[in-house]
Amino acid sequence: MPNKIDFLYRSLQLATYGIGKVSPVQMHGWVLINSHARIVSEGWAPEKPVDLLLAHSFEGDEYTLYISSFSKSVADLFSLQKIPNIQSLYCCSRISEANKNIVPDAVACYEQQLAEQENSINRRYNCISNRLRPYIILKWAQTSDGFVARKNFDSKWISNSLSRKWVHKWRTEEDAILVATNTAHYDNPQLNVRSWTGKNPIRIVIDKHLRLSLTLKLFDNSQPTFCYNTKIDKQDGLITWIKLPERNKADFFSELLADLGQRQIQSVIIEGGSQLLHFLVEQELWDEARVFVAPTYFGDGIAAPHIKRSFLSHQQQIGSDSLYYYFNTKS
């Protein structure tokens with residue numbers, strides 16, 4: 001028979017279904033069980049948990065609620081539905097004192113491991129809420145001898161087709177995707193979702209001096225696009241030119257992140273170029289990095305950034321490629 005840990009793990013699993021759906025929003029999953037330890041209702045936000053709750057009559061039994069995280073929106077949901085017989089509530093994360101009066105027996109955190117998983121699920125929301133900037137994910141592919149491109153900036157294709165499909169899946173899960181001037185010029189990327197099903201991210205390009213050709217795919221008006229520069233503020237269809245002060249690299253990027261935070265962009269994947277990736281790694285201005293290492297060799301070229309081994313979380317095989325996940329514990 002399932003126990004408390006099983007139901008809490010289920011709530012965490014449900015919470016992940018909200019990734020990439022709506023932002024910025026705290027994701028949570030919940031499971032409601034009756035006195036016979038049977039699930040009578042479950043759901044997640046930001047989907048439509050209210051509809052799921054309304055499908056069940058809550059008369060004549062006692063209930064226990066298992067939930068991944070607790071917030072005012074969650075409190076409002078369950079109090080507005082007037083479920084009178086919730087006897088206890090178990091939560092993976094800390095419950096504020098203000099919300100503990102919703103149910104008579106609230107457990108702040110069942111065990112630390114679950115709290116850490118809940119924090120990981122909501123790391124994007126926590127970042128923009130606490131730091132007022134998007135959660136920054138660095139992504140690149142490199143050869144086994146440590147290059148992200150040849151000397152002529154050619155980088156197609158280092159990773160395999162399955163790895164590239166993973167990248168398209170990731171794009172559906174984040175708010176925005178960013179490249180710098182050289183990557184836009186040499187690669188002419190579309191930065192949309194093609195090998196997966198889901199929403200396109202907002203495209204962001206840094207073009208400080210407006211040197212990029214408007215014939216590039218980034219400017220095809222097919223999806224929202226921000227162009228950060230030091231020259232103009234302008235709107236043309238789905239393309240927004242955003243003028244920032246002429247400053248050094250660090251201050252310009254800080255201004256860019258602050259502007260994205262004000263626009264409620266809670267996460268951004270940075271796919272290049274190499275100079276920007278090197279800069280962000282050196283400044284430790286990143287939260288997560290996903291690095292594909294392919295079994296190919298260039299012998300010479302543009303060197304990949306180097307991230308400290310101590311930041312490595314785990315790795316997995318994607319076909320012939322090795323995928324390394326790093327998390328910046330200092331950010």
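# A first look at pockets, rings and turns

The residues that line the largest cavity divide into 3 nonpolar, 4 polar and 4 charged. That cavity belongs to a predicted model, and the points below walk you through it topic by topic. You will meet a cavity holding about 40 Å³ of space, a pocket with a volume of about 1200 Å³, and a set of 8 aromatic pairs. Some backbone details round off the tour.

**The cavity**

- The count comes to 1 cavity of 30 Å³ or more, and the space inside the largest cavity is about 40 Å³.
- Its lining is made up of I19, G20, K21, V22, S23, M27, R124, E173, D175, Q266 and S267.
- One of these lining residues, S23, is joined to P24 by a cis peptide bond, with omega at about -10 degrees.
- To find P24, look in the loop between α1 (4–15) and β1 (28–33).
- Another lining residue, R124, is also one of the buried residues of helix α5, which has its own group of points further down.

**The largest pocket**

- The largest pocket, with its volume of about 1200 Å³, is lined by 48 residues.
- Which residues lie nearest the centre of this pocket? They are V179, T183, D187, E271 and G272.
- The elements that give two or more residues to the lining are β6 (135–143), β7 (147–149), α6 (161–173), α7 (181–187), α8 (249–262) and α9 (274–283).
- Helix α6 provides the largest share of the lining, with 6 residues.
- By residue type, the pocket lining divides into 20 nonpolar, 15 polar and 13 charged.

**Around G272 and G273**

- G272, one of the residues nearest the pocket centre, is linked to G273 by a cis peptide bond with omega at about 10 degrees.
- G273 sits in the loop between β13 (267–270) and α9.
- Is G273 buried or exposed? G273 has a relative accessible area of 11%, so it counts as buried.
- G273 and F153 stand 120 residues apart in sequence, yet their C-alpha atoms are 9.5 Å apart in space.

**Aromatic rings**

- The structure holds 8 aromatic pairs. A pair of aromatic rings is described by the distance of the centres and the angle of the planes.
- For F219 and W241, the ring centres are 6.2 Å apart and the planes meet at 10 degrees; planes under 30 degrees apart count as stacked, so this pair is stacked.
- The pair links distant parts of the chain, 22 residues apart: F219 lies in the loop between β9 (202–206) and β10 (225–229), and W241 lies in strand β12 (residues 239–243).
- F219 counts as buried because its relative accessibility is 8%, and W241 is buried too, with a relative accessible area of 8%.
- F7, Y66 and Y90 come together as one aromatic cluster.

**Charges over rings**

- The charged end of R150 is placed over the ring of F298, at 3.9 Å from its centre.
- K208 lies over the face of F252, and here the distance to the ring centre is 4.8 Å.

**Helix α5 and its end**

- In helix α5 (residues 123–131), the residues R123, R124, C127 and I128 are buried.
- These four cover an arc of only 130 degrees around the axis, so they are on the same side of α5. An α-helix has 3.6 residues a turn, so residues three or four places apart point the same way.
- Just after α5 comes L132, whose phi is positive at about 60 degrees.

**Other positive phi angles**

- N221 is not a glycine, although its phi is positive at about 65 degrees.
- N221 is placed in the loop between β9 and β10, and F219 of the stacked pair is found in that loop as well.
- How exposed is N221, and what is the reason? Its relative accessibility is 29%, so N221 counts as partly exposed.
- E284, a residue other than glycine, has a positive phi near 55 degrees.
- E284 is located in the loop between α9 and β14 (288–294).
- With a relative accessibility of 24%, E284 counts as partly exposed.

Conventions:
Residues numbered from 1 in each chain as written. Predicted model: local features only at pLDDT ≥ 70, side-chain atom pairs only at ≥ 80, totals over all residues. Heavy atoms only, no water. 1 Å grid on protein atoms, 1.4 Å probe; cavity = no way out; pocket = protein on both sides within 12 Å on 5 of 7 lines; lining within 4 Å. Points joined across faces, edges and corners; volume = space filled by probe spheres on them. Nonpolar A, V, L, I, M, F, W, Y, C, P; charged D, E, K, R; others polar. Phe/Tyr/Trp six-rings, centres within 6.5 Å; stacked < 30°, edge-to-face > 60°. Buried < 20%, exposed > 50% of the residue type's maximum accessible area, 1.4 Å probe, protein only. Lys NZ or Arg CZ within 6 Å of the ring centre and 35° of its normal. Arc of directions from axis to C-beta.
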